[in-house]
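Student: I would like to go through the terms used for this model and see what each one rests on.
Tutor: Then take them one at a time, with the structure in view.

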Amino acid sequence: MSSQVSQKTFSQKQADVTRSWYIIDASDIPLGRLSTEVATLLTGKKKPTYTPHTDGGDFVVIINADKVKLTGQKETDKVYYRHSGYIGNLRERTAKEQRERNSIKLIEKSVKGMLPKNKLTAGRLERLKVYTDAAHKHEAQKPQTLTIGDK
């Protein structure tokens, strides 16, 4: 009989979670590239302690949401739909109109679409903080500045 070391599978528990704060400047970053990076941070997939059934992601602060870039013709061609549930009440808004009304929703909807659809989604979205300009109220948390490669 050989002496083998038995390795146990690591399963992260909620008490083991340590969360960091990151700040991302969204000016001139494509919306899709920004959203994929933010979704990865919110889920905690880049951490060695990642466990799918535990919410081990970090806090993300996005500043300058007004200056996020939409490539190609998405500014006029991308349409956001919402429906009240009543007949004939399908409302639509282009990305340009959405940016003028509320650019925060533009980023929040994009990130939400890139998160897994499960019970952990709502908690992950609560850790996403989006601001239209450079001012934010999370200085006390000392967020680390994160740059996204392709500007």
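Student: Why are H1 and H3 called oblique to each other?
Tutor: This is a predicted model, and in it the axes of H1 (residues 31–43) and H3 (residues 95–114) cross at roughly 60°. Angles under 35 degrees count as roughly parallel, and 65 to 115 as roughly perpendicular. The angle falls in neither range, and H1 and H3 are therefore oblique.

Student: Which hand does the crossing of H1 and H3 have?
Tutor: H1 passes H3 in a right-handed crossing. The two axes come within 8 Å.

Student: Which residues make the contact?
Tutor: Contact means heavy atoms within 4.5 Å. From H1 the contact has Leu31, Gly32, Leu34, Ser35, Thr36, Val38, Ala39 and Leu42, and from H3 Leu106, Ile107, Ser110, Val111 and Met114.

Student: How many residues of that contact are nonpolar, polar or charged?
Tutor: Nine are nonpolar and four polar, with no charged residues. Gly counts as polar, so Gly32 of H1 belongs with the polar ones.

Student: What makes up the lining of the largest pocket?
Tutor: Tyr80, Tyr81, Arg82, Arg91, Glu92, Arg93, Gln98, Lys105 and Lys109 line it. Strand E3 (79–83), strand E4 (90–94) and H3 each give two or more of these residues. The pocket holds about 180 Å³ of space.

Student: How does that lining divide by class?
Tutor: Six residues are charged, two nonpolar and one polar. Tyr counts as nonpolar, so Tyr80 and Tyr81 are the nonpolar pair.

Technical notes
Residues are numbered from 1 along each chain as its sequence is written. This is a predicted model: local features need pLDDT of at least 70, side-chain atom pairs count only at pLDDT 80 or more; totals for chains, interfaces and linings use all residues. Side-chain values use heavy atoms; hydrogens and water are left out. Axes are lines fitted to C-alpha atoms, for helices over the stretch in contact, and angles run from 0 to 180 degrees between N-to-C directions. Helices (H or I, at least four residues) and strands (E, at least two) are DSSP runs, numbered from the N terminus. Angles under 35 degrees count as roughly parallel, over 145 as roughly antiparallel, 65 to 115 as roughly perpendicular and the rest as oblique. A crossing is left-handed if the near helix is turned anticlockwise from the far one by less than a right angle, and right-handed if clockwise. On a 1 Å grid over the protein atoms alone, a cavity is a set of points where a 1.4 Å probe fits but cannot get out, and a pocket is an open set with protein on both sides within 12 Å along at least five of seven lines; lining residues have an atom within 4 Å of a point. Grid points are joined across faces, edges and corners, and a volume is the space filled by probe spheres set on the points.
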